[in-house]
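Q: I would like to go through one model with you, starting with how its helices pack. Could you take my questions as they come?

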Amino acid sequence: MPDALVPASLLVVVLSLLASLGWGVADFGGGLTSRRAPVLGVLGGSQLAGLLIAIPLLLLIHEPAMRQLDLLISIGGGVLGALGLALLYRGLSIGRMSVVAPVAALLTALLPVGFGFLTQGFPPAPAIVGIACAMVSVILVSRVSDDGDTRPSGIGYALAAGTTFGLFTISASQLSDDLVISPTVVIRITSVAVIGAFVLLRKQAWRVPRGLWPRLLAIGIIDMSATAAYLSAIAVGPLAIASIIGSLYPVITTVLAAAVLRERVTRTHALGILAAGAAVALIAGATA
């Protein structure tokens with residue numbers, strides 16, 4: 001990645017923030033659309049839509065050939081990604097977004113952060129404090145009162161999705177640093193194949209009303225772009241930093257849920273959002 005304008009140590013923060021923003025928007029859109037259409041249809045359609053941008057980019061951008069290991073990691077990532085998104089979208093569709101997204105994100109961050117510490121060492125002290133603030137942020141944002149809401153929490157789906165995404169992140173960190181678009185394409189193709197096979201074997205409902213197709217296109221493009229940004233982030237900077245900033249996407253999902261669905265944002269939520277800002281500032285300052 002060129003770093004003439006932005007140092008590599010700061011570039012990882014910028015790219016991770018872009019990934020977090022994209023995932024937060026895509027997850028909100030996917031969860032909301034899954035309330036009006038089958039989860040598998042929303043998931044498969046959005047994943048397929050992402051390829052509409054990824055494949056042309058692959059033809060335009062000349063990346064080195066993938067090693068056999070890179071190909072295997074990307075295929076495994078596609079399986080994990082499809083499973084994780086299915087669990088997450090299901091949780092977001094039947095549960096409360098302000099619970100499902102943060103809990104899933106906390107697990108998504110904890111596994112690769114621990115792995116990064118073991119394999120890449122500890123970052124500077126301010127960055128460690130920032131990582132702690134980010135984890136506190138996710139915990140605070142995940143705390144909601146019942147407020148008479150009869151919708152289930154969806155905590156089981158959140159735990160399963162977070163573990164799956166954490167494993168995906170760890171495996172993606174083993175890709176060659178000079179590959180971004182080609183692994184993204186393989187991951188997406190594998191995800192679409194896994195979802196399609198599940199639909200055929202289990203005969204699950206999948207048809208999405210035509211009026212929702214533009215949403216699927218937007219969700220797929222945003223999610224694919226976020227994944228590409230994240231793969232770029234872990235290629236230029238520490239895994240622990242990239243994963244913890246990328247895990248802040250529930251803040252975006254929670255804000256959108258409050259603005260669009262009128263889900264309540266409590267004082268605890270506000271503190272969590274402030275903690276997220278402090279986390280980003282501390283990590284950016286430590287890596288600048």
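Q: Which residues in α7 meet which residues in α8?
A: Pro-183, Thr-184 and Arg-188 in α7 meet Asp-223, Met-224, Thr-227, Ala-228 and Leu-231 in α8, where contact means heavy atoms within 4.5 Å. By class, this contact has four nonpolar, two polar and two charged residues. The model is predicted, so local features need pLDDT of at least 70 and side-chain atom pairs count only at pLDDT 80 or more, while totals for chains, interfaces and linings use all residues. Residues are numbered from 1 along each chain as its sequence is written, and side-chain values use heavy atoms, with hydrogens and water left out.

Q: At what angle do the axes of α7 and α8 cross?
A: The axes of α7 (residues 181-202) and α8 (residues 213-236) cross at roughly 135° and come within 10 Å. That makes α7 oblique to α8 (neither under 35, nor over 145, nor 65 to 115 degrees).

Q: Back to Thr-184: is this residue buried or exposed?
A: Thr-184 is buried, with a relative accessible area of 0% (buried means under 20%, exposed over 50%, partly exposed in between, with a 1.4 Å probe and protein chains only).

Q: And what is Thr-184 in contact with, leaving aside neighbours within four places in sequence?
A: Thr-184 is then in contact with Met-224, Ala-228 and Leu-231.

Q: Changing topic, how many residues of α9 are buried?
A: Eight of the eight residues of α9 (residues 239-246) are buried, so this helix is largely enclosed by the rest of the structure. Among them are Leu-239, Ser-243 and Gly-246.

Notes: Helices (H or I, at least four residues) and strands (E, at least two) are DSSP runs, numbered from the N terminus. Axes are lines fitted to C-alpha atoms, for helices over the stretch in contact, and angles run from 0 to 180 degrees between N-to-C directions. Ala, Val, Leu, Ile, Met, Phe, Trp, Tyr, Cys and Pro count as nonpolar, Asp, Glu, Lys and Arg as charged, and the others, Gly among them, as polar.
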